[in-house]
Amino acid sequence: MKEMNTYEYSVVPENIDSLGRITVPALCGHLINAIGQNIRKEGYGIDVMAQSNRSWVLMRSAFEIDTRPDLNAPLYISVWPVRGSGLTYNRCVRVTDKEGREIGRGTTEWCIIDRTSRRPVFPDLGLDSSESAIPCRSPRRIRDFDPEVKDDRKVCYSDCDFNGHLNNTRYVELLYDMLPEEILGSPAPLRLDLNYRHEVRRGENVTLGLKKEAGDEYLFIARSGEQTLCSAALTQA
């Protein structure tokens, strides 16, 4: 069984909003970073995978955030693997504050692709599960929809990851760029589900869309032409 590993972060000035709390995109970025550190510690980081012409790809994620800490507050992110099904490898996270109180949790689903064909492969990495279970509901699948509000963007250099594609963490930022002020300033707990469907390269144009559902739920979609790149659902408690 794999052990749970914990990584320490701090809320720095460039990661807070006008209310002095860490932004949701910044916190989600820390969660993905901690998962990357955990995978590297197990011996399968992106540098190692590249030697065999393979790469990790994030397929789906779900994060629940109860509260957003203030400036200079420490964050402790624990990461552990849970056995996936088929081609997927799962990594789960839990966020605690300096008193040890849980303030967030999440689960992510990954696969390994061949860097040339961009198709999934199923190598035997020997990645075992932890004894800890998935801490929240699995990521929901979000169907395509017709947005009420649209925005067009061009994928730039600073948007891209090591594969030369739009970085998955950027989608959370793009979603938050479209949300109304009452959501951005709300301290209410939230859940964020993301589905990553297709990759898009630097220089290509993307169309972003937002739609308000019943209650305090917002649906987000990013498309390139007729192809859906990412869809998300944000729900406040």
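**Exercise 1. Determine whether R140 is buried, partly exposed or exposed, and describe its pairing with E217.**

Solution. The model examined here is predicted. R140 has a relative accessible area of 33%. Buried requires a value under 20% and exposed a value over 50%, so R140 is partly exposed. The side chain of R140 meets that of E217 in a salt bridge, with a distance of 2.7 Å from N to O. This pair links distant parts of the chain, for the two residues lie 77 residues apart. E217 belongs to strand β10 (residues 217-224), whereas R140 is in the loop between β6 (120-121) and β7. For E217 the relative accessible area is 14%, and therefore E217 is buried.

**Exercise 2. Establish how E173 and R170 are placed along helix α3, and classify each by accessibility.**

Solution. Begin with the positions: E173 and R170 are three residues apart in helix α3, which means that about one helical turn separates them. Next, consider the contact between them. The two residues form a salt bridge, and their closest N and O atoms are 2.4 Å apart. Finally, compare each accessibility with the limits. E173, at 32% relative accessibility, counts as partly exposed. R170, at 18%, counts as buried because the value falls under 20%.

**Exercise 3. State how many salt bridges are counted, and describe the one between K211 and E213.**

Solution. The count comes to 19 salt bridges. In the bridge between K211 and E213, the closest N and O atoms are 3.9 Å apart. This distance satisfies the criterion, because a salt bridge requires the nitrogen to be within 4 Å of the carboxyl oxygen. K211 is partly exposed at 24% relative accessibility, and E213 is partly exposed with a relative accessible area of 29%. Elsewhere, salt bridges with shared partners join E64, D66, R94, E102, R105, R191 and D193 into one network.

**Exercise 4. Locate N163 and identify its surroundings.**

Solution. N163 is found in the loop between β7 (149-154) and α3 (168-178). With a relative accessible area of 15%, N163 is buried. When neighbours within four places in sequence are set aside, N163 is in contact with S55, R115, R118 and R201. The side chains of N163 and S55 make a polar contact of 3.5 Å.

**Exercise 5. Describe the place, exposure and contacts of R197.**

Solution. R197 occupies the loop between β8 (190-196) and β9 (205-212). R197 is partly exposed, at a relative accessible area of 39%. Residues up to four places away in sequence are not counted in the next step: R197 then touches I142, D144, T228, L229 and S231. With D144 there is a polar contact of 3.2 Å between side chains. As for V48, 149 residues separate it from R197 in sequence, and the C-alpha atoms are 25 Å apart in space.

**Exercise 6. Identify which residues touch the most other members of the largest nonpolar core.**

Solution. The largest nonpolar core holds 54 residues, and those touching the most other members are Y171, L175, L192 and F220. Helix α1 (residues 24-41) supplies the largest share of this core, nine residues. Another core, of five residues, lies apart from it and includes I142, F145, L219 and A233. Y171 can then be examined individually. Beyond residues up to four places away in sequence, Y171 touches L166, Y196, H198, V200, F220, A222, L229 and C230.

How values were computed: Residues are numbered from 1 along each chain as its sequence is written. This is a predicted model: local features need pLDDT of at least 70, side-chain atom pairs count only at pLDDT 80 or more; totals for chains, interfaces and linings use all residues. Side-chain values use heavy atoms; hydrogens and water are left out. Helices (H or I, at least four residues) and strands (E, at least two) are DSSP runs, numbered from the N terminus. Buried means under 20% relative accessible area, exposed over 50%, partly exposed in between (1.4 Å probe, protein chains only). A polar contact is a pair of N or O atoms within 3.5 Å; within protein, one must be able to donate a hydrogen and the other to accept it, and residues adjacent in sequence count only if both atoms are side-chain atoms. Contact means heavy atoms within 4.5 Å. A nonpolar core is a set of buried Ala, Val, Leu, Ile, Met, Phe, Trp, Tyr and Cys residues joined through side-chain atoms within 4.5 Å.
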